[in-house]
Number of protein chains: 2
Amino acid sequence: MGTTQLQTVPEPKYWHLKTVIGEALDSEFAVGEILPNERDLAARFGVARATLRQALEQLELEGRLQRRRGVGTTVAPPRVGVAVEGSRAHSWPGARGDVWQPAGCERGSAPAAVADLLDSEEPVHVVRRTRVSHGRPVAAELLYVPVSSVAELSSIDGPSGPGRARAVLRELQRLGLEGEDRSVELGSASADDARELDRLPGAPVLVVTTRFFAEGRTAAVAVATYRADTCRLTFGDTPHVEIDHRQERRAS
Amino acid sequence: MGTTQLQTVPEPKYWHLKTVIGEALDSEFAVGEILPNERDLAARFGVARATLRQALEQLELEGRLQRRRGVGTTVAPPRVGVAVEGSRAHSWPGARGDVWQPAGCERGSAPAAVADLLDSEEPVHVVRRTRVSHGRPVAAELLYVPVSSVAELSSIDGPSGPGRARAVLRELQRLGLEGEDRSVELGSASADDARELDRLPGAPVLVVTTRFFAEGRTAAVAVATYRADTCRLTFGDTPHVEIDHRQERRAS
DNA sequence: TAGTGGTCTAGACCACACT
DNA sequence: GTGTGGTCTAGACCACTAA
């Protein structure tokens, strides 16, 4: 009765599990190592598989685990730092040392959210690009370019492949870039993005939206989705060194 | 046999549900409106509650729903754009129009990941700050300042409250700021963060890590966690206008 | 074909916020 | 108290990968 049990808060099992497994990852596992399967792990900890999965989902969200259907659960390498260009030195997509690979280009209309940013409902070229780091795809981008921004091109109706994508980017360079604007938010992968990023639909992604200003208006909008599990976005002149939350142990 | 049923992929129920409910949010619900409870919704769609919850979790992750235990599920307002300062104009924390509120200050040792960035194992002042936007807490920050960065202060052993936090920040201003470095990644709220952000532990957050350079070394490191459900981080001179995510459809 | 993670069910109880 | 979302269980079947 009188016992002031201030905070006997029953910590959720999955939260405790996450902590325990997280610590085990630090001390007993190397990067790339395969964990026991979910049914075994659940039995070992005396919980239902669903509960165990809740813990694993958290760890995957934090980039410490990687799970693949039909394969198993492995210890993920530290997140890779990915530089988001233009934080200080503005440049058009496709310029000089651009790390993005043009993948295709189609014509269509911008989704409502993008049309708002473009302040226009006019048709757009939609340039698809992908970004690869350390041999793995890390981001997929859709670049929306109003046809009026690259008027010279409008007569050309070639195939909608990488060639056309490059042509649109080339035309874009001719505009004087006056500034950029960027935002980052959490999203979930669309079916298209998921395919390009080698993830399941709904996987968490970091959505980087960039507005390019030229000739007094928004000349283009880029929506890039980065794999949230494997990427750390870096800004500024001096890229971060690798951050490692574990003890560095080599996989073999 | 010969039928190339390329993609008769049975779309998961929760994915389909997410789409259906998402569209209903666009057309039939106003911001702040309360949805039917989970049991009713599950029954209405003819699925188990767990399946319905998977869909709601996705929508919450995308910032379109807000769920509170004991209350219900409401339609979330569009994400608020939160400016991350210093993308171009560098300044110390606590300077001029800093939007952060000092909450406390303690001494301790930096966690391993931060110690790596500081290139030092020495004791640090840990300044706690919070950030409020539109009357709601949106971010919690821990600012790690090695004692040697604010040597003048080391003799003062006052109470570890907001006053001391301000004192540390004041000392910091005296150093010449040479540059900053910033990274953004996905994380999950610690128990502490969760309390300050009015969320449950494990809630998704955007972790912004900032390094401050002065006198040829890393003079301080700030780790800020923003509510991923309600925030859109903006960089650059011109903050984004409100982005509305409804109709998130691909151009085709 | 065997083994993995992904999806789904139909329950149960708990912590919390209101009234 | 009543109703809400949060946690947990013990199953089942499916989709995928690799031997």
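I take a strand to be a DSSP run (E) of at least two residues, and I number strands from the N terminus. The model I am reading is predicted.

**Entry: Glu215(A)**

I looked up where Glu215(A) sits and found it in the loop between strand E8 (204-214) and strand E9 (217-227) of chain A. Its phi is positive, about 55°, and Glu215(A) is not a glycine. I noted this since most residues other than glycine have a negative phi. I then asked whether Glu215(A) is buried or exposed. Its relative accessibility is 55%, and exposed means over 50%, so I count Glu215(A) as exposed.

**Entry: Asp119(A)**

I found a positive phi of about 55° at Asp119(A) too, again not a glycine. Asp119(A) belongs to the loop between helix H4 (112-118) and strand E5 (124-133) of chain A. With a relative accessible area of 71%, Asp119(A) is exposed.

**Entry: DNA strand C**

How many residues surround DNA strand C? I read 27, and the closest are Asn37(A), Arg49(A), Lys13(B), Ala48(B) and Thr51(B). By class, I have nine nonpolar, seven polar and 11 charged residues in the surface near the strand. I also looked at the DNA side: of the strand C atoms within 4 Å of the protein, 66% belong to sugar or phosphate, and the rest to bases.

Next I went through individual side chains. Arg49(A) has a polar side-chain atom 2.8 Å from a base nitrogen of DNA strand C. In chain B, an N or O atom in the side chain of Arg49(B) is 3.5 Å from a base nitrogen of the strand. Thr73(A) faces a phosphate oxygen instead, with a side-chain N or O atom 3.0 Å from it.

I then listed the elements that give two or more residues to this surface. Chain A supplies helix H2 (38-45), helix H3 (49-61), strand E1 (65-68) and strand E2 (72-75), while chain B supplies helix H1 (13-28) and helix H3 (49-61). Which element gives the largest share? It is H3(B), with four residues.

**Entry: H2(B) and H3(B)**

I stayed with H3(B) and looked up how helix H2 (residues 38-45) of chain B is set against it. The two axes come within 9 Å and cross at roughly 105°. Angles of 65 to 115 degrees count as roughly perpendicular, so I describe H2(B) as roughly perpendicular to H3(B). From H2(B), the contact takes in Glu38(B), Arg39(B), Leu41(B), Ala42(B) and Phe45(B). From H3(B), I wrote down Arg49(B), Leu52(B), Arg53(B) and Leu56(B). The classes in this contact are five nonpolar, no polar and four charged residues. Arg49(B), listed here in the contact, is also the residue I noted at a base nitrogen of DNA strand C.

Methods:
Residues numbered from 1 in each chain as written. Chains lettered and ligands numbered in written order. Predicted model: local features only at pLDDT ≥ 70, side-chain atom pairs only at ≥ 80, totals over all residues. Heavy atoms only, no water. Near = heavy atom within 4 Å. Polar contact = N/O pair within 3.5 Å; in protein donor to acceptor, adjacent residues only side chain to side chain. Nonpolar A, V, L, I, M, F, W, Y, C, P; charged D, E, K, R; others polar. Buried < 20%, exposed > 50% of the residue type's maximum accessible area, 1.4 Å probe, protein only. Axes fitted to C-alpha atoms, helices over the stretch in contact; angles between N-to-C directions. Parallel < 35°, antiparallel > 145°, perpendicular 65-115°, else oblique. Contact = heavy atoms within 4.5 Å.
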